Amino acid sequence: MCAGETAAPLRDCQILLVEDEALVAMDLAYELEKAGAEVTFASTLAEALAIANSDDPPHSAAVLDINLRGEEVYPAAERLAETGVPFLFCTGHGKLEDVAPRFPDAPVLNKPIIGRQLVCALAALLP
């Protein structure tokens with residue numbers, strides 16, 4: 001468990017999960033839902049941008065894979081940053097030094113990721 005964590009540290013949180021690998025997305029979503037979150041999925045940059053630009057209630061936070069079938073998720077990350085939605089990168093393709101100059105406040109978790117690590121990192125982003 002995370003420091004000061006409750007049994008469901010992401011209760012009532014809306015999490016945007018942007019991941020192009022279905023099995024990875026299902027695994028991450030399971031961990032997030034187990035921690036109390038409601039998960040919205042996007043598997044392409046276009047889907048992620050549509051969600052980030054929608055008028056629906058905002059997400060509490062987002063988990064972004066960097067490489068989405070050859071497209072980088074950065075335009076969606078920029079939109080989330082503009083709207084004040086905290087996010088982290090969860091990737092097997094990105095390096096901290098590549099991401100840090102663009103998004104210095106965004107944590108970068110390298111795949112494979114342990115579910116508790118993801119939950120703790122997201123909980124740390126939330127107010």
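**Notes on T91 and its surroundings**

1. Let's start in the middle of things: T91 sits in strand β6. Strands here are DSSP runs of E with at least two residues, while helices are DSSP runs of H or I with at least four residues, and both kinds are numbered from the N terminus. Before going on, keep in mind that this is a predicted model, where local features need pLDDT of at least 70 and side-chain atom pairs count only at pLDDT 80 or more, although totals for chains, interfaces and linings use all residues. Residues are numbered from 1 along each chain as its sequence is written, and side-chain values use heavy atoms, with hydrogens and water left out.

2. Is T91 buried or exposed? T91 is buried, with a relative accessible area of 0%. As for the words, buried means under 20% relative accessible area, exposed means over 50%, and partly exposed is in between (1.4 Å probe, protein chains only). Which residues does T91 touch, leaving aside its neighbours within four places in sequence? They are D65, I66, V108, L109, N110 and K111. Contact here means heavy atoms within 4.5 Å. Hang on to D65 and K111, as both come back in point 5.

3. Now the rest of the strand. β6 covers residues 87-91, and five of its five residues are buried. On one side you'll find F87, F89 and T91, on the other L88 and C90, and both faces are covered. C90 has a relative accessible area of just 1%, so it counts as buried.

4. What does β6 pair with? Two strands pair if DSSP finds at least two bridges between them. β3 and β6 run parallel and are joined by three bridges; V63 has L88 as its bridge partner in β6. β6 and β7 also run parallel, again with three bridges, and there C90 stands opposite L109 of β7.

5. Back to the charged residues. Side chains of opposite charge can pair when their charged atoms come close. A salt bridge is counted when a side-chain nitrogen of Lys or Arg is within 4 Å of a carboxyl oxygen of Asp or Glu, and by this rule there are five salt bridges. In one of them K111 pairs with E19, with the closest N and O atoms 2.6 Å apart. K111 lies in the loop between β7 (108-110) and α5 (115-125), and E19 in the loop between β1 (14-18) and α1 (22-34), so this pair ties together parts that are 92 residues apart in sequence. K111 also meets D65 in a salt bridge, at 3.3 Å from N to O. D65 is in the loop between β3 (61-64) and β4 (67-68), so this second pair ties together parts 46 residues apart in sequence. Put together, E19, D65 and K111 are linked in a network of salt bridges.

6. How covered are the members of that network? E19 is buried at a relative accessible area of 4%, and D65 is buried at 2%. K111, at 25% relative accessibility, is partly exposed.

7. Next, helix α3. Its buried residues include Y74, A76, A77 and L80. Seen down the helix axis, the buried residues of α3 fall within an arc of 155 degrees (taken from the directions from the axis to the C-beta atoms), so they line one face of the helix. The same helix has a salt bridge between E82 and R79, 3.2 Å from N to O. The two are three residues apart in α3 (residues 74-82), which means about one helical turn separates them. E82 is exposed at 60%, whereas R79 is partly exposed at 27%. After α3 comes G84, with a positive phi near 80 degrees.

8. Finally, the whole protein. There are five helices and seven strands, in the order β-α-β-α-β-β-β-α-β-α-β-α from the N terminus. Of the 127 residues, 45% are buried. Among contacts between residues at least 6 apart in sequence, 65% join residues at least 24 apart. The accessible surface (Shrake-Rupley method, 1.4 Å probe) is about 6700 Å², and 53% of it belongs to carbon and sulfur atoms. As for disulfides (pairs of cysteine sulfur atoms within 2.5 Å), the structure holds zero.
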